[in-house]
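The following report describes selected strand pairings, packing contacts and nonpolar cores. Please consult the sequence and the structure alongside the text.

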Amino acid sequence: MDAERFMKELSSDRYYQDQIVFVKHIPGKAAQYGEITPPLDLQLEQLLADRGIIKLYSHQAAAISAIRNGQHTVVVTGTASGKSLCYLIPALENFIKDRETRALFLYPTKALAQDQLKALNRLCEGLSVIQPVMGTYDGDTSVNTRKNLRDRGNFVLTNPDMLHQGILPKHPGWSSFFSHLQFVIIDEIHSYRGVFGSNVANVIRRLQRICANYGSNPIFISTSATIHNPLQHAESLLGLPMCLIDKDGAPQGSKYFVFWNPPYLDQTKTERKSANSEAAALMTALIRERIPTIAFTKTRVVTELMYRYVQDQLEKHSPTLAKKIRAYRGGYLPEERREIERQLFEGELLGVTSTNALELGIDIGQLEACLLVGYPGTIASTWQQAGRAGRSQEESIVVYIPHQNPIDQYLVKHPDYFFEQNPESAVVDPDNPHILMGHIRSAAFEAPLAANDCYKFGTFAPAILELLSEAGELKQISGKWYWRSPGFPAAEVSLRNISDNTFSIVDISSTPNKVIGTLDEASAYQQIYTEAIYMHDGETYFVKEMNVPQKISYVQKIEVDYYTQSITEVQITTTEKEIESNWRNAVIGFGDVEVMIKPYLFRKIKFGSRDSIGFGKISLDPSFMQTKAFWVIPPASTLHLVKEFGREPIEGLLGIANVISEVLPFLVMCDTGDIGSMVDQMNNGAPSLFIYDKYPGGIGFAQRSFDKAEQLFTAAQELIAACTCEEGCPSCVGSPLPPNPQLDPDTTPKGRIPDKEAALIILHNLLELEPYIPSSSKNSIAANVEPDRRVDYPPLVRLPDKVEQQLRQKLAVIRRKRNDKH
């Protein structure tokens, strides 16, 4: 495409309102090639030549050489740089030499595994020797195919969840596979972070133990998008020394990165036009130019809204083009997603609106434009999504359209920060006792645990073994721990911290009734409650009934001009204070809390205008979660100071809470949906700001917030102070309601906005900066402002009393559920 011509046409349009605020041209670069010695097998060279690959890029050659030398390897290069060949070539090379070669391929999603199987099949089409037995092993795999892969499979492609529950606990049936396992490939390791990554790290520990039991010592090969700590992350995840390959030799076409800020609606400059509608107009213009485009959104509802808006606009110009776009997100049935992927790959579609479900490396053909509707949450994800356009040497364009929230607007006003900032670090904590206990139970079920296993499972492993022994789940015989309890422990551990309770969405307007989608429980409570409007493939469905016991929502296709968004009440209660200390002139703390979450109301929002046209009641029971939180208690003098200026301290704290929940992902790599923030007056006898982990038992984000209090509040102060508004707006102190990752960021209720001036008074006072004087008070009030040890085992490290108590409670719950089941 000609990006400059396209931008010129946009800026000369009569509706253009100076939305383009920044353009950066990233020049293309030529390929850099490498050699490997000895050269590849002639058959393998011919297979690559048939795909147009005559020479290997420098990073591919370096990775293959390292793997040949037996080094565990992590490859970190850009999107569409040919990372998959770094592990496919060694696997095929070994298979050609030895038909007993086995390789295990782990992908974060089933969709990615199935996509990579297609690529592997295409690569092996011209193989003159016998074809390797390969296939995906997941919940959709037939019984006969599963047996064939277990008994004869050379290349098995699966996901961590299936390895955790479907392969490792049943390893005797995989004895031949594990005995000959030479390679373990773990793709997209940057996606293994937080709770999910910590669980996967323990699954890898268990895998390595099973391999050792069968006498194999496979080489681990991993790939990653660009993150700040790829080597450290790979070594933490895999528990092995790794060789880093990060010099990208692939060619790149030139790319234009455009920051497009929606214009203000009026002269008060307090509200901007919808980012969704601006993005829809841009996508319509691109599709009309026949430019293949992908639009990434932050939520499922925005994916559907964008699809609907673009389709409606294209219908006015060309009904044929309107059929050339689709929506893609979680919740669609697998066969529906596969069909959309096929249409994209084969060029039948010109556009797709998607959540981050297409961020990972599914091959969707050659796209020339990418729209980022809202900041994806991390610099790493931003570049990963941007890389989906220009996957060849052709020119491409990426357009960032910010929502009206603090971080989105901060980035659009500080583009240098975005382009100069290193990608975030990925964080895993496999030794978290709450995570570790489930995997030690699973490992004991798989094979008796010996002393060296304790070293592999971390510091708290001996204490957890003792705890499990006291609970009657393990028994020590001749220096080894044996599983002696009924049940299947792997089934009691969810890697992704997503409820196993999945709701089916049944369309009762079709004959016969049919399932059109699925949602996890948390999403279902937010989207498919009774009387909600559910959007699927651009159509609107009215939820006739949500049957919670049956995990079914019955929907009926209906044509309406609105959609619905839930409103949720959140309450927090401190249950134990682990740490409380003075920070500057405030008190900060960290400890256990209980969070109550209850959707209680929904809004009806008109398409296009975003006007509220009514409300409805949601009748669902609340859910409770025990987790960890960080809190800040401002001193009474700070609160009095705010009141002296005639302002409410709570309003200022609400603004700070909104900003902190958006700033924190920059300091600790997490999604905004991983953390919650709120202001509470009940727990500490004074207004307090809470940051909590949205995971049972906590995962470390609140702890790191406590550790980085200085950086966190400094960043919040700088972000608010940089905003040019006078009294506070959605671009600095944000919405007074906590962010909901299920909802449309463009439809923040148009109520009061937290007090920017009160927030700055508090922040300046907490950080002991020069006193902040609100602009309306500078002349009149300024003068009043004052500045047990076993022989063969590692030492027993006791668990913190509270953690031990929580683990005992978890074991009691497991036993009660098991007894109820029997």
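Strands E17 (residues 474-477) and E18 pair in the antiparallel sense through 4 bridges; pairing requires that DSSP finds at least two bridges between two strands. Helices (H or I, at least four residues) and strands (E, at least two) are DSSP runs numbered from the N terminus. The model is predicted: local features need pLDDT of at least 70, side-chain atom pairs count only at pLDDT 80 or more, and totals for chains, interfaces and linings use all residues. Residues are numbered from 1 along each chain as its sequence is written, and side-chain values use heavy atoms, with hydrogens and water left out.

Within this hairpin, Leu474 stands opposite Trp483 of E18. The hairpin has 2 residues between its strands, and Ser478 adopts a positive phi near 55 degrees. In a regular strand the side chains alternate between the two faces of the sheet. Strand E18 (residues 480-483) shows such alternation: Trp481 and Trp483 point to one face and are buried, whereas Lys480 and Tyr482 point to the other and are not. Buried denotes under 20% relative accessible area, exposed over 50%, and partly exposed in between (1.4 Å probe, protein chains only).

An open sheet of mixed pairing is formed by 7 strands in the order E1-E11-E16-E15-E12-E14-E13. Its edge strands, each paired on one side only, are E1 (20-26) and E13 (325-328). From one strand to the next, the twist averages 15 degrees. Helix H12 (residues 300-317) packs on the sheet, and its direction makes about 170 degrees with that of E13. Axes are lines fitted to C-alpha atoms, for helices over the stretch in contact, and angles run from 0 to 180 degrees between N-to-C directions. The strands touched by H12 include E12 (293-296), E14 (351-354) and E15 (369-373). Elsewhere in the sheet, Phe257 stands opposite Val398 in E16.

Two of the pairings are set out below.

| Strands | Sense | Bridges |
|---|---|---|
| E17 and E18 | antiparallel | 4 bridges |
| E11 (residues 255-260) and E16 (residues 396-401) | parallel | 5 bridges |

The largest nonpolar core contains 153 residues, of which Phe105, Ile397, Phe630 and Phe713 touch the most other members. Such a core is a set of buried Ala, Val, Leu, Ile, Met, Phe, Trp, Tyr and Cys residues joined through side-chain atoms within 4.5 Å. A second, separate core of 36 residues includes Val156, Leu163, Ile167 and Val184.

Ser442 lies in helix H18 (residues 433-446) and is buried, with a relative accessible area of 1%. Apart from neighbours within four places in sequence, Ser442 is in contact (heavy atoms within 4.5 Å) with His164, Arg206, Pro489 and Ala490.
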